[in-house]
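Thank you for sending this model; my comments follow as numbered points, kept to what can be read from the coordinates. Please have the sequence and the structure open side by side while going through them.

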Amino acid sequence: MMHLNHTVTIHQTGLASPTIQGSEVRGSVVLRTPKTSKRIHREREKEREREMEENRRVGVALDFSPCSKKALKWAVDNLVREGDYLILITIRPEGNYEDGEVQLWAVDGSPLIPLHEFSDPAIMKKYGVKADPETLDIANTAANQKQLIVVMKIFWGDPREKICEAIEKVSLSCLVMGNRGLGKIKR
């Protein structure tokens with residue numbers, strides 16, 4: 001018994017396109033060599049990468065400390081491009097929250113909060129977050145200059161665990177975070 005290193009593709013629409021390199025066309029059956037299959041696979045991967053690049057979701061872990069503000073500034077200056085989503089990830093400590101909304105969001109985090117809403121102190125008080133003017137200025141400037149879509153997502157719990165969850169739940173392309181503000185010796 002002879003084994004062939006070819007894949008067979010049968011087209012339902014009729015005759016196959018004879019322009020595929022490394023393929024042999026016989027009626028409506030295309031015999032593809034492994035070389036052609038790899039090329040087609042690479043083309044599909046490149047197409048998926050282009051789609052992903054068009055809708056990048058850049059996350060920045062933000063606790064409103066000087067280090068996290070520098071990370072946000074760096075991401076805006078060096079990483080994000082026009083049309084990207086800039087998602088600010090904030091983690092609040094666990095606590096005994098009486099509000100029903102916070103209890104609903106404790107597992108999956110808050111809904112995505114648009115920039116104009118998290119600029120409003122009354123709305124952010126509901127989430128237990130106090131955004132500082134410098135961070136809001138960086139986000140507003142980036143949204144206007146680079147045509148970014150800036151949103152915030154708030155999680156409650158241990159930051160080490162919740163940052164990892166944020167990458168999966170928000171489907172981030174990348175995550176930028178500052179250090180903890182410790183010196184070299186304490187680190």
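**Notes on the predicted model**

1. The accessible surface of the chain comes to about 12,700 Å², and 52% of that area belongs to carbon and sulfur atoms. Please keep in mind throughout that this is a predicted model. Of the 187 residues in the chain, 33% count as buried.

2. As to secondary structure, the chain contains seven helices and eight strands. Among contacts in the chain with a separation of 6 or more, 69% are made by residues that lie 24 or more positions apart.

3. The largest nonpolar core has 29 residues, and the members that touch the most other members are L86, L88, F118, V150, M152 and I154. At least two residues of this core come from each of the strands β4 (57-61), β5 (85-92) and β7 (149-156), and likewise from each of the helices α2 (66-78), α4 (115-118), α5 (121-127) and α6 (133-146). Of these elements, α6 gives the most to the core, with five residues. Another core, of 10 residues, lies apart from it, and its members include F155, A166, V170 and L172.

4. Which residues does M152 contact, once its neighbours within four places in sequence are left aside? The list consists of F64, L88, T90, S110, P111, L112, I113, F118 and M124. Two of these partners, L88 and F118, are also named with M152 among the core residues that touch the most other members.

5. Strand β7 deserves a separate look, since seven of its eight residues are buried, so that the strand is largely enclosed by the rest of the structure. On the pairing side, β7 runs parallel to β5, and eight bridges join the two strands; within this arrangement, W156 in β7 is the bridge partner of R92. Strand β7 also pairs with β6 (residues 113-114), here in the antiparallel sense and over two bridges, with P114 standing opposite V151 of β7.

6. Turning to charged side chains, the structure holds seven salt bridges. Side chains of opposite charge can pair when their charged atoms come close. One of the salt bridges joins D158 to R160, with the closest N and O atoms 3.3 Å apart. The two ends are covered to unlike degrees: D158 is partly exposed, at a relative accessible area of 25%, whereas R160 counts as exposed, at 67%.

7. E165 takes part in two salt bridges, one with K162, where the closest N and O atoms are 3.4 Å apart, and one with K169, where the closest N and O atoms are likewise 3.4 Å apart. Because E165 and K162 are three residues apart in helix α7 (residues 159-169), about one helical turn separates them; E165 and K169 are four residues apart in helix α7, and so they too are separated by about one helical turn. As for exposure, E165 is partly exposed, with a relative accessible area of 24%, and K169 is partly exposed as well, at 42%, while K162 is buried, at 9%.

8. Finally, a network of salt bridges links K69, D132 and E134. It may be convenient to display these three residues together, alongside the pairs discussed above.

Notes
Residues are numbered from 1 along each chain as its sequence is written. This is a predicted model: local features need pLDDT of at least 70, side-chain atom pairs count only at pLDDT 80 or more; totals for chains, interfaces and linings use all residues. Side-chain values use heavy atoms; hydrogens and water are left out. A nonpolar core is a set of buried Ala, Val, Leu, Ile, Met, Phe, Trp, Tyr and Cys residues joined through side-chain atoms within 4.5 Å. Buried means under 20% relative accessible area, exposed over 50%, partly exposed in between (1.4 Å probe, protein chains only). Contact means heavy atoms within 4.5 Å. Accessible areas come from the Shrake-Rupley method with a 1.4 Å probe; for residues, only the protein chains shown count as cover. Two strands pair if DSSP finds at least two bridges between them. A salt bridge is a side-chain nitrogen of Lys or Arg within 4 Å of a carboxyl oxygen of Asp or Glu.
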